[in-house]
Amino acid sequence: MTGFENLTPEDSLILTNAIAISLAKGKNADEINVIGNFLVGIGCLLLTIASQQQYLTVLQESRNSNSTQNNNNNSNNTNNNNNNNNNNAAKSTAADDVIIG
């Protein structure tokens with residue numbers, strides 16, 4: 001959102017007040033209520049969209065993290081299996097030597 005990221009909280013407050021005053025000027029209470037409810041409705045929908053975007057981002061990051069961890073676990077399991085196979089082969093050879101010898 002170009003421009004808004006450079007506003008201080010105080011500047012944002014002043015801008016919001018100026019917009020509200022200009023929208024309300026010359027209107028009766030019913031018209032102001034309609035405009036206010038319309039803007040609140042837009043705000044609620046924007047918050048819902050932003051919330052869903054954040055949820056999907058976190059979900060994707062979590063899936064990527066789990067995928068990386070699973071790959072590391074699979075690699076560790078493969079290494080452990082190879083080490084166990086090597087150890088078993090060495091034990092088997094030693095046992096054969098004892099039996100033969």
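What follows H1, and what is its phi like? It's Gly26, with a positive phi near 80 degrees. The legends below start from the whole chain in this predicted model and then move in.

**View 1. The whole chain, two helices and zero strands.**
In this predicted model, the chain runs to 101 residues, and 0% of them count as buried. Its accessible surface adds up to about 8700 Å², and carbon and sulfur atoms account for 57% of that. The two helices are H1, covering 9-24, and H2, covering 29-100.

**View 2. Helix H1 and the glycine after it.**
H1 is built from 16 residues. From first C-alpha to last it reaches 23 Å, close to the 22 Å you'd expect at 1.5 Å a residue. Look past the end of H1 and you'll find Gly26, the residue with the positive phi.

**View 3. A nonpolar patch on the surface.**
Ten side chains would be a lot to label, so here's the roll call: Phe4, Leu7, Leu15, Ile19, Leu23, Phe38, Leu39, Ile42, Leu46 and Ile49. Together they show about 880 Å² of accessible area. H1 and H2 are the elements that each give two or more residues to the patch, and H2 gives the most, with five.

**View 4. Leu23, a patch member in helix H1.**
Leu23 belongs to the nonpolar patch and sits in helix H1. Its relative accessibility is 33%, so Leu23 counts as partly exposed.

**View 5. The largest pocket, with about 450 Å³ of space.**
Thirteen residues line this pocket, and Leu15, Thr16, Ile19, Ala20 and Leu39 are the closest to its centre. Both H1 and H2 give two or more residues to the lining. H1 gives the most here, with seven residues. Some names will look familiar from View 3: Leu15, Ile19 and Leu39 are in the nonpolar patch too.

How values were computed. Residues numbered from 1 in each chain as written. Predicted model: local features only at pLDDT ≥ 70, side-chain atom pairs only at ≥ 80, totals over all residues. Heavy atoms only, no water. Patch = residues over 30% accessible without salt bridge, like charges linked within 9 Å, V, L, I, M, F, W, Y side chains within 5 Å. Areas by Shrake-Rupley, 256 points an atom, 1.4 Å probe, with all protein chains shown as cover. Salt bridge = Lys/Arg side-chain N within 4 Å of Asp/Glu carboxyl O. Helix = DSSP H or I, 4+ residues; strand = E, 2+ residues; numbered from the N terminus. Buried < 20%, exposed > 50% of the residue type's maximum accessible area, 1.4 Å probe, protein only. Expected span 1.5 Å × (residues − 1). 1 Å grid on protein atoms, 1.4 Å probe; cavity = no way out; pocket = protein on both sides within 12 Å on 5 of 7 lines; lining within 4 Å. Points joined across faces, edges and corners; volume = space filled by probe spheres on them.
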